[in-house]
Number of protein chains: 4
Amino acid sequence: MTHVKTTREGQASADGSATADGSMRSERRAHLVVLAGELFAQRGYRATTVREIADAAGILSGSLYHHFDSKESIGDEILASFINEVLADYRGAVASAGNPRAVIEQIVRSTSRTLARHRAALAMLQNDWSYFAAQPRFAYLPRALREIERIWVSQLEAGKESGLFRADLDSKLTYRLLRDVLWIPEQWRRTRGYGTDQVVDAFLRILFDGIANRA
Amino acid sequence: MTHVKTTREGQASADGSATADGSMRSERRAHLVVLAGELFAQRGYRATTVREIADAAGILSGSLYHHFDSKESIGDEILASFINEVLADYRGAVASAGNPRAVIEQIVRSTSRTLARHRAALAMLQNDWSYFAAQPRFAYLPRALREIERIWVSQLEAGKESGLFRADLDSKLTYRLLRDVLWIPEQWRRTRGYGTDQVVDAFLRILFDGIANRA
Amino acid sequence: MTHVKTTREGQASADGSATADGSMRSERRAHLVVLAGELFAQRGYRATTVREIADAAGILSGSLYHHFDSKESIGDEILASFINEVLADYRGAVASAGNPRAVIEQIVRSTSRTLARHRAALAMLQNDWSYFAAQPRFAYLPRALREIERIWVSQLEAGKESGLFRADLDSKLTYRLLRDVLWIPEQWRRTRGYGTDQVVDAFLRILFDGIANRA
Amino acid sequence: MTHVKTTREGQASADGSATADGSMRSERRAHLVVLAGELFAQRGYRATTVREIADAAGILSGSLYHHFDSKESIGDEILASFINEVLADYRGAVASAGNPRAVIEQIVRSTSRTLARHRAALAMLQNDWSYFAAQPRFAYLPRALREIERIWVSQLEAGKESGLFRADLDSKLTYRLLRDVLWIPEQWRRTRGYGTDQVVDAFLRILFDGIANRA
DNA sequence: TATGAATGAGGGTTCATTCAT
DNA sequence: CATGAATGAACCCTCATTCAT
């Protein structure tokens, strides 16, 4: 057993910098993570078997366990590093001052670059969100999503107060509508507290008129 | 084998009216479909076992096979009736004349009601799209998606030509951006042919200014 | 899945009467438990594979899971019913009044009969005690052992106070020395050529009077 | 392969003096045996993985194979040296003349000291006796046990003939009842709060005189 | 219609061991 | 002497499905 394994239990690796310090991690291992990520993205995390990953690497399935504690560990490694970068994007945008419109623009621009670098993670979350969200080990994912929502809502609110955005904007709903476009589309059904008509009207309003205030 | 089973092979049941002739189908069977749908929506289609469905119905898993050929049949029944209604919504909106803006508005309004009646199907598609999309039996799903895209794009194009929508709108991209909000979020990566910057710019433009032409 | 499975989680089945009410349990299942018990006794619990159990039953290993949640469940069923009977023996002996010598004699006689009926459980505990003792699911085993120790020690103490037993006896230490003879040690069944009663009598004789000839 | 490996095949090392010629054996190797023994004692031989041993030594599991042929070799080394000392104790006691009572007393006293020096071996035999007993490589263990039984039985018989022990004693049965107390049973070390001498004295007292008060 | 028992393929994982470097 | 990577067999378990009763 190599000493580079991710921890099997304990606080999710998302709390630390999962790969930032990973300079020493073997290239073999890194290669395996990339391979696995590609398969996860193509077929989904659950639908991908460790045997398929091993096959892609040209080894036997058991040999994967020389590098990783479990299939979950591989997923965790991919997801945690992704979510940490995204969170950094958001925090960076907020910290860099600027008015809400500038902050939102920076968020969108920086995360879009991060997303491009983490295609596998994004695909995994889209395909198997409900699975990850339910698992204790991946509790940091819903947690991160909540922080992201907080940031969006506070920026939208600030924009409304400063007159940059339309005063009739429903910040929370607007975020919900937008998130999925950028992101992991949580179910409509979870958009509790809004009637269907409300959702539709808000969508059409944004779709046709946008959120910017018309001077 | 009972005579009410769905066909296991052959053209997907989506091509006919899945439930239109279902007057003879036992209520028991219909109840089982609803039960299964709820579980599929909660846990995802693949993650739900036939045992869980049987448990929820208070019978043994083997007994389900008196009503259905397979787990796939149940999924098919749920998905096909949903997609057929949605397709009907789209076709109806197009047929009802009106300008592109009116058509789009009607599409959004009518499908939103259909979606509300088919929560389970929607959740299934969100969670397990990649699975269904890859299976021959569910080939009608990507097919339906393609028709829906054609309708959106043609309406957006018509709107541009008539001056209702902004002339600089990228119809295909606009559809892709919108679809996920309404719908099944296909992966960004599949939006090939667009550079990241293009996507981001388009998103921001729509987000801030909307798609409506400023008079 | 049949509804007779033992619970996978929760308080150990030892707390209830594991088999006392088991009149409804299928004979097939009961037969499988016996088969498994024999293998566990011969080779040890850990050393016995579910495949071996299934082979012995003439079915495939997966089929065992129609009857049991897990290998642990089978072990639990065997062990819990055993330990409950032993505990009942001890409590019965204590409740039946009598002086400490009579109580100890009754304990030895009644448990020796119980042990004879639960050869498999005894062998399992002998071979894999350290394993069971460490597992949460089998926490009731150390718990039972502690109760048994309390009973022995209190009877030995009472015997000393009443002058029945030697005043210089260290009760706790004496129990420790005896326990293994009655109990965790090698199988009685291997002491071929002796009837149970003979063994019990010999044991009681040595316990009370020692091996030295009284001059 | 280093030249210090134990032989993998052939007559068990128990037949020779396992460590008598070990002067040249590296201290590293000896240290590894001790480490392994501790783990074997704690978790059982089978339950301990070579990885755990290597981890405890601060090396990788593969590196262990520079010192030992196999996991079995380590076990053999520990067990053989133990059993040889015990056998020496028994033979010494018999050779030192004395009446049967003296011989038995000496056996108990000397083996109890040997046992104290070989905690790991004792624990291993307790936990995994059935495993070792079944393996050809460890055939010397049952063989040793048979010699030990012969000695006990002959001493008990001699004691009966000479009038030292009760004439109604069943020697073979008595040995079986006693063996586990001295031997395969739970660890003496768990009998905390008692010194070895105390335990030995108590045992001899009960063995010879029983627990009943002599009126 | 339902039960109860079984199938069979495949799932993730473990572990003693090997070997080139 | 040690590493790091891999083997290969076995392990416990899951699950859609079948079928005699």
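This passage describes how the protein chains meet DNA strands E and F in a predicted model, and then turns to one helix of chain C.

We can begin with DNA strand E. This strand is surrounded by 34 residues, and the closest are Thr49(A), Tyr65(A), Ser63(B), His66(B) and Ser63(C). Sorted by class, the surface near DNA strand E consists of 19 polar, eight nonpolar and seven charged residues. Sugar or phosphate supplies 62% of the strand's atoms within 4 Å of the protein, and bases supply the rest.

Chain B provides several polar contacts to this strand. The side chain of Arg28(B) places an N or O atom 3.1 Å from a phosphate oxygen of DNA strand E, and the side chain of Ser63(B) places one 3.0 Å from a phosphate oxygen of the strand. A base is reached as well: a polar side-chain atom of His66(B) is found 2.4 Å from a base nitrogen of DNA strand E.

DNA strand F has 35 residues around it, and those that come nearest are Ser63(A), Thr49(C), Tyr65(C), Ser63(D) and His66(D). Of the atoms of DNA strand F within 4 Å of the protein, 64% belong to sugar and phosphate. The surface near this strand comprises 20 polar, eight nonpolar and seven charged residues.

Contacts to DNA strand F come from chain A and from chain C. In the side chain of Arg28(A), an N or O atom is 2.7 Å from a phosphate oxygen of the strand, while a polar side-chain atom of His66(A) sits 3.3 Å from a base nitrogen. Val50(C) takes part through its backbone, with an N or O atom 3.1 Å from a phosphate oxygen of DNA strand F.

Attention now moves to helix H5 of chain C, residues 119-134. The 16 residues of this helix should span 22 Å at 1.5 Å a residue, and the end C-alpha atoms are indeed 22 Å apart, so the expected and computed spans agree. H5(C) nevertheless carries a kink of about 90°, centred on Asp128(C).

How much of H5(C) is buried? Twelve of its 16 residues are, so the helix is largely enclosed by the rest of the structure. Among the buried residues are Leu122(C), Met124(C), Leu125(C), Trp129(C) and Phe132(C), along with Gln126(C), Asn127(C) and the kink residue Asp128(C). The cover over these buried residues includes helices H1 (27-43), H3 (71-95), H4 (100-117) and H6 (140-161) of chain C. Chain D also contributes to this cover, through its helices H1 (27-43) and H5 (119-134).

How values were computed. Residues are numbered from 1 along each chain as its sequence is written. Chains are lettered from A and ligands numbered from 1 in the order in which they are written. This is a predicted model: local features need pLDDT of at least 70, side-chain atom pairs count only at pLDDT 80 or more; totals for chains, interfaces and linings use all residues. Side-chain values use heavy atoms; hydrogens and water are left out. A residue is near a molecule or strand if one of its heavy atoms lies within 4 Å of it. A polar contact is a pair of N or O atoms within 3.5 Å; within protein, one must be able to donate a hydrogen and the other to accept it, and residues adjacent in sequence count only if both atoms are side-chain atoms. Ala, Val, Leu, Ile, Met, Phe, Trp, Tyr, Cys and Pro count as nonpolar, Asp, Glu, Lys and Arg as charged, and the others, Gly among them, as polar. Helices (H or I, at least four residues) and strands (E, at least two) are DSSP runs, numbered from the N terminus. The expected span of a helix is 1.5 Å times one less than its number of residues. The bend at a residue is the angle between axes fitted to the seven residues ending there and the seven starting there. Buried means under 20% relative accessible area, exposed over 50%, partly exposed in between (1.4 Å probe, protein chains only). Contact means heavy atoms within 4.5 Å.
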